[in-house]
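Open the model in your viewer and keep the sequence panel beside it. The tour below goes from one selection to the next and says what is found at each stop.

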Amino acid sequence: MVCPSCQMSNSDDANFCINCNQRISIVCPRCSQRVISYANFCDRCGLALDAQTAPGQGQSISQPEAPVQNFIAPKPVPVASSRERVHTQPQADLSEEIEGASSPDSPLSQYIPKALMKKLESARSSSAMVGERRVVTMLFCDIKGSTSAAEQLDPEEWSEIINGAFEHMIKPVYTYEGTVARLMGDSILAFFGAPLAHEDDPQRAVLAGLDIVSGIAPYSEKVMQEWGIDLSVRVGINTGLVVVGAVGSDLRMEYTALGDAINLASRMEQTAAPGTVQIAHDTYKLVKPLFEFDELGGIEVKGKDEPVLAYRVLERKRAVGRVRGIEGLHAEIVGREDEMDTLQNVVDGL
């Protein structure tokens with residue numbers, strides 16, 4: 001390790017320079033990674049570091065008091081070409097986009113409600129984003145036929161189209177307090193249940209999917225009129241147990257989910273018809289009383305030995321069924337007349 005003051009070479013695990021006693025390394029207070037003393041962020045976990053400690057002092061770097069705005073999805077970026085986009089499938093590195101997404105000038109910041117931003121900051125500061133097992137509802141959404149569409153247009157024109165589509169794909173996710181975890185070429189991956197968890201995360205994901213499909217329709221008509229491109233999206237959703245958190249190496253960190261459930265969510269999106277929302281059976285069981293469905297039966301998906309039950313979400317039910325309890329069973333409250341009368345009198349007196 002080279003001293004930034006006198007350029008003396010030191011051992012890799014040195015804390016102070018052997019020539020001038022300049023402090024040349026610090027330890028990240030979160031992950032204990034050793035980083036250079038003038039680093040602004042830890043290169044392992046992405047934690048923002050305070051100002052350097054003074055030379056000769058053996059002080060550790062404390063966690064900053066200001067909230068660290070992490071886990072903000074990256075801003076949509078122009079797509080260079082269809083060929084490059086198909087082969088590379090770039091995955092957004094969230095740790096590199098922290099400050100950009102939270103900036104008032106960022107295109108993505110306008111889609112994130114202020115209340116949601118505060119909740120994400122709280123989750124970040126409380127270490128709620130560290131790897132853990134969670135039941136998460138995952139939403140994949142992509143643009144059907146984008147490869148052939150991109151081949152017909154100049155890269156700048158296609159970039160304009162795809163960024164406009166991202167606006168309609170991202171905004172509903174944040175409306176229902178989900179989080180866009182990744183942008184991949186012409187598609188997005190969103191989590192409902194990580195890092196922010198709600199009792200009705202599956203319902204929120206389905207509502208977001210329906211809003212994406214319906215909300216992008218006027219934009220698709222505009223694209224057809226101006227460029228002659230048939231732009232349609234498809235959404236796939238699944239709920240299951242995954243491990244979520246920061247994964248990767250020292251050179252690349254991102255917040256993602258690992259497990260079979262996320263693979264099935266991807267298959268739901270890949271087998272969905274354009275302009276529809278398709279969900280797997282595990283999500284269907286949780287939202288069955290709330291929506292109207294077309295039962296698609298068992299469909300063959302890659303990586304599964306047996307057909308997987310899938311359902312196409314049509315719309316919200318006008319008469320919502322009972323979400324809690326066991327289906328088909330109902331029991332009246334017995335022996336609570338006095339308590340119910342007291343409760344009713346209190347309500348009447350308000």
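The stops that follow cover a strand and its neighbours, a loop residue, a group of aromatic rings, a helix and a surface patch. The model is a predicted one, and residues are numbered from 1 along each chain.

**Stop 1: strand β5**

Select residues 187–192, which make up strand β5. How many of its six residues are buried? Six of the six are, and the strand is mostly covered. Colour the two sides separately: Ser-187, Leu-189 and Phe-191 belong to one side, while Ile-188, Ala-190 and Phe-192 belong to the other. Side chains in a regular strand alternate between the two faces of the sheet. In β5 both faces are covered.

**Stop 2: the neighbours of β5**

Add residues 132–144, strand β3, which runs antiparallel to β5 and is joined to it by six bridges. One place to look is Phe-140, whose bridge partner in β5 is Leu-189.

Next add residues 179–184, strand β4. Five bridges join β4 to β5, and these two strands also run antiparallel. Met-184 has Ser-187 as its bridge partner in β5. The hairpin of β4 and β5 has two residues between the strands, and Gly-185 takes a positive phi near 65 degrees there.

**Stop 3: Glu-177**

Step back along the chain to Glu-177, in the loop between α5 (155–175) and β4. What is the sign of its phi? Phi is positive, about 60 degrees, although Glu-177 is not a glycine. Most residues other than glycine have a negative phi. Glu-177 has a relative accessible area of 15%, so it counts as buried.

**Stop 4: the aromatic cluster**

Select Tyr-284, Phe-291, Phe-293 and Tyr-311 and show their side chains; together they form one aromatic cluster. The structure holds four aromatic pairs. In the pair of Tyr-284 and Phe-293, the ring centres are 4.9 Å apart and the planes stand at 75 degrees, so the pair is edge-to-face. Tyr-284 is buried, at 9% relative accessibility, and Phe-293 is buried too, at 15%.

Now look from Phe-293 to Tyr-311. Their ring centres are 6.5 Å apart and their planes are at 75 degrees, which means that this pair is also edge-to-face. Phe-293 lies in strand β9 (residues 291–299) and Tyr-311 in strand β10 (residues 308–316), so the pair ties together parts 18 residues apart in sequence. Tyr-311 is buried, with a relative accessible area of 6%.

**Stop 5: helix α8**

Select residues 260–271, helix α8. At 1.5 Å a residue its twelve residues should span 16 Å, and the end C-alpha atoms are 17 Å apart, which agrees. Which residues of α8 are buried? They are Ala-261, Ile-262, Leu-264, Ala-265, Ser-266, Met-268 and Glu-269. In an α-helix, residues three or four places apart point the same way, because there are 3.6 residues a turn.

**Stop 6: a surface patch**

Finish with the surface shown. Select Met-340, Leu-343, Val-346, Val-347 and Leu-350, which make a nonpolar surface patch of about 530 Å². Met-340 lies in helix α10 (residues 337–349). Met-340 has a relative accessible area of 46%, so it is partly exposed.

Notes
This is a predicted model: local features need pLDDT of at least 70, side-chain atom pairs count only at pLDDT 80 or more; totals for chains, interfaces and linings use all residues. Side-chain values use heavy atoms; hydrogens and water are left out. Rings of Phe, Tyr and Trp (its six-membered ring) pair if their centres lie within 6.5 Å; planes under 30 degrees apart count as stacked, over 60 as edge-to-face and the rest as tilted. Buried means under 20% relative accessible area, exposed over 50%, partly exposed in between (1.4 Å probe, protein chains only). Helices (H or I, at least four residues) and strands (E, at least two) are DSSP runs, numbered from the N terminus. The expected span of a helix is 1.5 Å times one less than its number of residues. Patches are made of residues with over 30% relative accessible area and no salt bridge: like charges are joined within 9 Å, nonpolar side chains (Val, Leu, Ile, Met, Phe, Trp, Tyr) within 5 Å. Accessible areas come from the Shrake-Rupley method with a 1.4 Å probe; for residues, only the protein chains shown count as cover. A salt bridge is a side-chain nitrogen of Lys or Arg within 4 Å of a carboxyl oxygen of Asp or Glu. Two strands pair if DSSP finds at least two bridges between them.
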